[in-house]
Amino acid sequence: SDTFFKELKLPHPDRFLGVGSGSHAEQTARVMVAFERECLRQPPNLVIVVGDVNSTMACAITAKKLGIPVAHVEAGLRSRDWTMPEEINRVVTDAVSDLLFTPSRDANDNLLKEGVSGERIHFVGNVMIDCLLNLLPVAEQRDPLRRFCVEPGRYATLTLHRPSNVDDPEVLEGILGVLAEVSHNLPIVWPIHPRTRKNLDKFGLLRHIDRWVGLKLSQPIGYLDMVALNRRARLIITDSGGLQEEATILRVPCVTLRDNTERPVTVEVGCNQVVGNRPEGVRSAISAILGRAGHEISTPELWDGRTAERITDTLLSLHAEGPHVRLPTISSGLSAANIGA
């Protein structure tokens, strides 16, 4: 996570829990124990959790059991795929949160259907887009294309890490077969996730794809370089939720190798195609995109870079009569998305 703190110019956390990696149960338990200790040491007025990672759920549950109000940023997203750990984290976090800050109208609808009171829901936009728009000028000054020997608009970027895509050798090999075909005409820049690299090696696939001329493999790269690559790409191929959102703002067509998405607004505005991981579906979607000269992609409502301001204004208005208290920032050390105030 040090890379994210540095590149995003985040202030150093006042408390660092240092939880590190482990199984879902291990991470969640360690965060809860460490975070409870901090909450008891200096009780906060409010705990803000962001996103859908393990520490999001862990901190929300811990705070709620201590009687501390919880606000969830990026609330209401639903894939309805219970094989995804993120879906469990999202649903549990929303269930215990007092304030729910949503990134899109469909998120509001999801919460209302689940019985959440409308007065607790605040449609504010997408805080990840605040980050993207703020750092886009910095990213555009970087030139990772030279490192991969690719030209603007004449390559694709790829990220792949979900168990449904990389844990089954037959599925992974089928995806790789399509990528091999595409890479003959369109180079593919692929920063490989550690989990994916481990499985590629385990299944005996890494030594084969490493020789493909059109496939540009690398270790994971920083946020700014990834934004710079995606900004100039002809196509983004991914199973990541965040990249679906970034592709929409960057106006780069996106093919999502999943059967569902918790971000349907990216499909509605014309950017994203959710195609699953079967070779024929992936091949057809990529071919269709590459066969079109242009793409009409619009910007989702309130994805304007001012989401954090709207969240702040809402919190200040709700607590206008209360004392002004500085809340120390606490990081679990899992990722940049896990920073809680």
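This is a short chat about the helices and sheets of a predicted model.

Q: What does the secondary structure of the protein chain come to?
A: The model is predicted, and its protein chain has 16 helices and 13 strands.

Q: How does the radius of gyration sit with a compact globule?
A: The chain has 341 residues, and a compact globule with that number would have a radius of gyration near 20 Å. The protein chain has 20 Å, so the two agree.

Q: And what box do the C-alpha atoms fill?
A: Along the principal axes, the box is roughly 60 × 40 × 40 Å.

Q: Sheets next. What is the strand order in the open sheet with four strands?
A: The order is 2-3-4-5, and the pairing is parallel.

Q: Which strands are at the edges there?
A: Strand 2 (47–50) and strand 5 (121–123), each of which pairs on one side only. On average, neighbouring strands of this sheet are turned by 20° against each other, direction ignored.

Q: How many bridges are there between strand 4 and strand 5?
A: Three bridges, with strand 4 (residues 99–102) and strand 5 paired in the parallel sense.

Q: What stands opposite Leu100 in strand 5?
A: Ile121 stands opposite Leu100.

Q: Now the open sheet of six strands. What order do they take?
A: They run 8-7-6-9-10-11, and the pairing is parallel. Strand 8 (215–218) and strand 11 (272–274) are the edge strands, each pairing on one side only. Neighbouring strands of this sheet are turned by 20° against each other on average, ignoring direction.

Q: How many bridges join strand 7 to strand 8?
A: Four bridges join strand 7 (residues 188–191) to strand 8, and these strands run parallel. Pro191 has Ser218 in strand 8 as its bridge partner.

Q: Which strands of this sheet does helix 9 touch?
A: Helix 9 (residues 169–183) packs on the sheet and touches strand 6 (156–158), strand 7, strand 8 and strand 9 (235–238). The direction of helix 9 makes about 135° with that of strand 7.

Q: Changing topic: how are two packed helices described?
A: By the angle between their axes and the distance between the axes.

Q: OK, what are those for helix 2 and helix 3?
A: Helix 2 (residues 24–41) and helix 3 (residues 54–65) pack at about 40°, and their axes are 9 Å apart. That angle makes helix 2 oblique to helix 3.

Q: Is that crossing left-handed or right-handed?
A: Helix 2 passes helix 3 in a right-handed crossing.

Q: Which residues make the contact?
A: From helix 2, they are His24, Gln27, Thr28, Val31, Met32, Phe35 and Glu36. Helix 3 brings Asn54, Ser55, Met57, Ala58, Cys59, Ile61, Thr62 and Ala63. By class, the contact of helix 2 with helix 3 has eight nonpolar, six polar and one charged residues.

Q: And at what angle do helix 12 and helix 13 pack?
A: The angle is about 50° between helix 12 (residues 223–231) and helix 13 (residues 241–250), with axes 10 Å apart.

Q: Why are they called oblique?
A: Angles of 35 to 65 degrees fall outside both roughly parallel and roughly perpendicular, and helix 12 and helix 13 are therefore oblique to each other. Their crossing is right-handed.

Q: Which residues of helix 12 and helix 13 meet?
A: Tyr223, Met226, Val227, Asn230 and Arg231 in helix 12 meet Leu243, Glu246 and Leu250 in helix 13. This contact of helix 12 with helix 13 divides into five nonpolar, one polar and two charged residues.

Key. Residues numbered from 1 in each chain as written. Predicted model: local features only at pLDDT ≥ 70, side-chain atom pairs only at ≥ 80, totals over all residues. Heavy atoms only, no water. Axes fitted to C-alpha atoms, helices over the stretch in contact; angles between N-to-C directions. Helix = DSSP H or I, 4+ residues; strand = E, 2+ residues; numbered from the N terminus. Parallel < 35°, antiparallel > 145°, perpendicular 65-115°, else oblique. Left-handed = near helix turned anticlockwise from the far one by under 90°. Contact = heavy atoms within 4.5 Å. Nonpolar A, V, L, I, M, F, W, Y, C, P; charged D, E, K, R; others polar. Pairing = 2+ DSSP bridges. Rg over C-alpha atoms; globule rule 2.2 N^0.38 Å.
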